[in-house]
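Please look at the sequence and the 3D structure shown here, and then read the report that follows. It takes up the ligand and its surroundings, and afterwards the two domains.

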Amino acid sequence: MKSKEAIRRLLKKKILILDGAMGTELQKRGMPGGVCPELWCLENPDIIADVHKAYGQAGADIVYSGTFGANRYKLAQYGSADQVLEVNRELARLARRAVGQKIRVAGDISSTGHFVEPFGDLPFEEAVAAFSEQIRGLAEGGVDLFVIETMMDIQEARAALLAVKETCPAFTIVTLTYENGGRTLNGTDPISALITLQSLGADAVGCNCSTGPEAMLAFIEAMKPYATVPLAAKPNAGLPRLEGEETFFDMDAATFAAHGPAFAAAGVNLLGGCCGTTPDHIRFLAETLRNAPPRPPVRTALSAVSSARSYRLLTRNQPLVVVGERLNPTGKKALQQELLAGKMSLVRQMTREQEQQQADLLDVNVGVPGIDEEKAIRDVLALLATATELPLVIDSAKVETIETALRLYPGRALINSISGEKEKCERLLPLAARYGAMFILLPLADGEVPETADRRIAIVREVYGKARRFGFSKEDIVVDGLVMTAATNAQAPAETLKTISWITNRFQAGAILGISNVSFGLPERNWLNASFLAMAQLSGLTMAIANPSMEELMAIKRAADVLTAKDAQAAAYIA
Ligand code: HCS
């Protein structure tokens, strides 16, 4: 296994050339329809070795092992589910023997053919287990890295990536297949996928198959501004043409390779070909890109969250981001009863309403005394995966619930919250790091709710110091300014505003508040909440946890966005 660093060093020097099609090359060389390609390759080792060699000689830096469908679900269709280990091991060895040591072999992993929960019927952990089995075989066969390709379900791609991380962590490329409309079959767009996969630990992200070079170029261009990792592309040789039962791809090698410079300019870092491309296509491409300088990722971190179907930047130069707070049973009898009974109609209704009321993210908390919280969070996440496109904020007092949610959530979540309380902090930081989540840093310490801005700032610094050791940067966190009621301490709002001002102006991170605490115990709470929100926006607040059904609050938020120059030309205000 090559170290990640060795591959990263190479990527700094050049655009790495990937191989071209395998399936269409095998068909050309006599593989009949209806057979299991992997088993056929094992019976015809010289033929697949010949394809690998041809790609190596054409200039590929990385060839993919012929293990595209070598998972237990696909092999089961040919009665060979119990041969996963040996099929992968042997085909990986065969690729290695064919290309030698200088060319890298990527262990090729693709779909099981099932959608994974919450989008389909394959349980998430079963998908992870199936990919782990394949990965073990590939590792035994001596691959240098892994590639997860032609994925149409972001959740299946996540399962495969987690399987790599948990079985044999090595450099991993993940490429999804986007239809011409720019979404995968179950609706994920390239930027949301990038945010989800790069934060979960993919070492390179991109797209392959389905489209020709023109359409795929647009996906790379869209992703590049948000990429913290290298980008990969493997377009088809144009669009498929059907003749009877057969599919043809007509784009010739020179025309295909002529797209290379545009991909290089768009910032692709690994480029090859998918269906219909041949060793000639790769030879021309390698030639065309011989002296093209690589464009490294432009960022090292990105303040953004995603769902399976959308993303939200949490950068500071934009209108205030509203986290809808209503999916929280605290103090809500009806929601408590529904959650306890496993009913979802109120959750569905509150989700729809908050979306209509223009919440940007949804906070999700299922903590009710006596509830099986892990089951409840699973059920609610499954519902929300299709009921809303909004990214979620995972809110729980229980570490286990947060872990269950992060593992299953098909996007990049924001955790609400990680405080300075020692035990929680020690358990949650590694968890957030493992799943690549953003988190709200809450300046509380053991047995202490700090009253002054100075003390809050000290706790923020301390927790951030610990978070850095797990690789977090300021882009990955949003700091809570801590709101306490003005009813018992007249100075409380001023201390919060001072904290907010420090977070955004000095510390330079995003700042969030649970607005409504300020009016606790006072009458006419809406006016206090809305006034405080406007003051906090002036101090630099970037996000608020609030009830978007409060019209005054939302109206004042929009006005304050204009008055703090966060809504250029008042575009959102007017709309
Ligand atoms: N690597 C596979 C991708 C198919 S979409 C092949 O056959 O080239």
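The residues around the ligand, each having a heavy atom within 4 Å of it, are Ala21, Met22, Gly23, Phe68, Asp108, Glu149, Thr150, Cys209, Cys274 and Cys275. This is a predicted model, in which local features need pLDDT of at least 70 and side-chain atom pairs count only at pLDDT 80 or more, while totals for chains, interfaces and linings use all residues. Residues are numbered from 1 along each chain as its sequence is written, and side-chain values use heavy atoms, with hydrogens and water left out.

By class, the shell around the ligand holds 6 nonpolar, 2 polar and 2 charged residues, where Asp, Glu, Lys and Arg count as charged, Ala, Val, Leu, Ile, Met, Phe, Trp, Tyr, Cys and Pro as nonpolar, and the others, Gly among them, as polar. The table lists distances between protein atoms and ligand atoms.

| Protein atom | Ligand atom | Distance |
|---|---|---|
| Met22, backbone N or O | oxygen | 2.7 Å |
| Gly23, backbone N or O | oxygen | 2.8 Å |
| Glu149, polar side-chain atom | nitrogen | 2.7 Å |

Of the 270 Å² of accessible area (Shrake-Rupley method, 1.4 Å probe) that the ligand has on its own, the protein covers 87%.

The domain assignment, which comes from an automatic or database source, gives domain 1 (4–288) and domain 2 (304–310 + 317–444 + 451–564), and the C-alpha centres of domain 1 and domain 2 lie 38 Å apart. In contact, meaning heavy atoms within 4.5 Å, are 22 residues of domain 1 and 21 residues of domain 2. Between domain 1 and domain 2 there are 2 salt bridges, each a side-chain nitrogen of Lys or Arg within 4 Å of a carboxyl oxygen of Asp or Glu. Glu166 forms a salt bridge with Arg407, and their closest N and O atoms are 2.8 Å apart.

How values were computed. Polar contact = N/O pair within 3.5 Å; in protein donor to acceptor, adjacent residues only side chain to side chain.
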